[in-house]
Amino acid sequence: MQPRNMSMSGVVDLAAVKAAQEAKAKAEQARAQAAREGGAGAVAPADLVIDVDEATFERDVLQRSAEVPVVIDFWAEWCQPCKQLSPVLERLALEYDGRFLLAKIDVDANQLLMQQFGVQGIPAVFAVVAGQALPLFQGAAGEAQIRQTLDQLVQVAEQRFGLTGLTVDPDARPGGAEEAPQPKEGPYDALLNAAAQALDAGDLGGAVQAYKNVLADDPAHPEAKLGLAQAELLQRVQGMDPQRVRQEAAEKPADVAAQIAAADLDLVGGHVEDAFGRLIETVRRTAGEDRDAARLRLLELFEVVGAEDPRVAGARRALARALF
């Protein structure tokens, strides 16, 4: 779960002097052309975060990268770390106020783009600056690390390519140029914010406790239930030796604890169907307390993925067949 390549050091290698000069020239030509056509004008804050697919990639990423650094967030609906990272990136895109554009790419629907960027796992974050692709980091990351990387990206884009970003129209915000009114806080917002901050800081125990505090008062609170399931999963896999866990699961198919641990790793790694299938098979061939342990863990993983996911519905049917 630790981020990799959390550095802009690769920029020098990726954009060698000649390539950088050519990219800068193209960026300057694109800006000159835009100026002759009247310029792109100011953008609304909502336009700083966009969904991109294979059909719109050239226009919305490659062409836009001549006027602003484009940060690409490769994600998928089933990816739990993505659900923690993406909201942070979206919030920072608004906070940086046009100094970068955030492009979100669903890897399930855009396999070709995933392959072209060499994405090995998600979440994965890249940038495109004046047509040059730069790997930023892969995996979950703390906000402080993300900010540092974005600051370096913005600096490189401005100093090497003259990209100063987009102009954001303050009048496009609710209420015009004045600061938008803050929404009224709900009864559990402070606890939920504390849980999110604990997750950002890597304090999984603190996040678990904050979610439990909400559920103690409102046992059906959907956000707290999901957050608790996710935080407890991350807490369980923290410190695991993946190679050892998988080896034990392979060598001891009858060891329920080994299968449960491997299923947790499967899910964190994005292998949802593998995790479900492993536990369903464990339920099928066990009885008594062992069966209950596997069944309960499977139900917990259903909470992590979410009841609306079609893979959960299919796994529930398979579980019913295994039980009866």
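Leaving out its neighbours within four places in sequence, Q80 is in contact with Q230, V304 and V305 in this predicted model. Q80 itself lies in helix α4, which covers residues 80–95. The residue is tucked away from solvent: its relative accessible area is 7%, and because the cut-off for buried is under 20%, Q80 counts as buried. One of the partners of Q80, V305, turns up again further on, since V305 also belongs to the set of α13 residues that touch α14.

Right next to this spot sits the disulfide. The structure holds 1 such link, and it joins C79 to C82, with the sulfurs 2.4 Å apart. The link of C79 and C82 is right-handed, with 80° about the S-S bond. How exposed or buried are the two cysteines, C79 and C82? C79 has a relative accessibility of 2% and so counts as buried. C82 is buried as well, with a relative accessible area of 2%.

The aromatic side chains come next. The count of aromatic pairs comes to 6. One of them is formed by F117 and F126, whose ring centres are 5.2 Å apart and whose planes make an angle of 75°, an edge-to-face arrangement. That label follows because planes over 60 degrees apart count as edge-to-face. Both rings belong to residues on the buried side of the cut-off: F117 is at 17% relative accessible area, and F126 is at 12% relative accessibility. The F117 and F126 pair does not stand alone, as ring pairs link F57, F74, F117 and F126 into a cluster.

Turning to helix packing, helix α13 (residues 288–305) and helix α14 (residues 310–323) have axes that come within 11 Å and cross at roughly 170°. Since angles over 145 degrees count as roughly antiparallel, α13 and α14 are roughly antiparallel to each other. The crossing of α13 past α14 is left-handed. On the α13 side, the contact is made by R291, R295, L298, L299, F302 and V305. On the α14 side, V312, A315, R316, L319, A322 and L323 take part. V305 is thus a shared point in this account, because it lies in the contact between α13 and α14 and also touches the buried Q80.

A second helix pair tells a similar kind of story. Helix α7 (residues 189–200) and helix α8 (residues 204–217) pack at an angle of about 165°, with their axes 7 Å apart. That angle makes α7 and α8 roughly antiparallel to each other, and their crossing is left-handed. From α7, the residues in the contact are L191, L192, A195, A198 and L199. From α8, they are L204, G206, A207, A210, Y211, N213 and V214.

Stepping back to the chain as a whole, there are 14 helices and 5 strands. Of the 324 residues, 44% count as buried, and Q80, C79, C82, F117 and F126 are among them. As for how contacts are spread along the sequence, take those between residues at least 6 apart: 71% of these contacts join residues at least 24 apart.

Conventions:
Residues numbered from 1 in each chain as written. Predicted model: local features only at pLDDT ≥ 70, side-chain atom pairs only at ≥ 80, totals over all residues. Heavy atoms only, no water. Helix = DSSP H or I, 4+ residues; strand = E, 2+ residues; numbered from the N terminus. Buried < 20%, exposed > 50% of the residue type's maximum accessible area, 1.4 Å probe, protein only. Contact = heavy atoms within 4.5 Å. Disulfide = S-S within 2.5 Å. Phe/Tyr/Trp six-rings, centres within 6.5 Å; stacked < 30°, edge-to-face > 60°. Axes fitted to C-alpha atoms, helices over the stretch in contact; angles between N-to-C directions. Parallel < 35°, antiparallel > 145°, perpendicular 65-115°, else oblique. Left-handed = near helix turned anticlockwise from the far one by under 90°.
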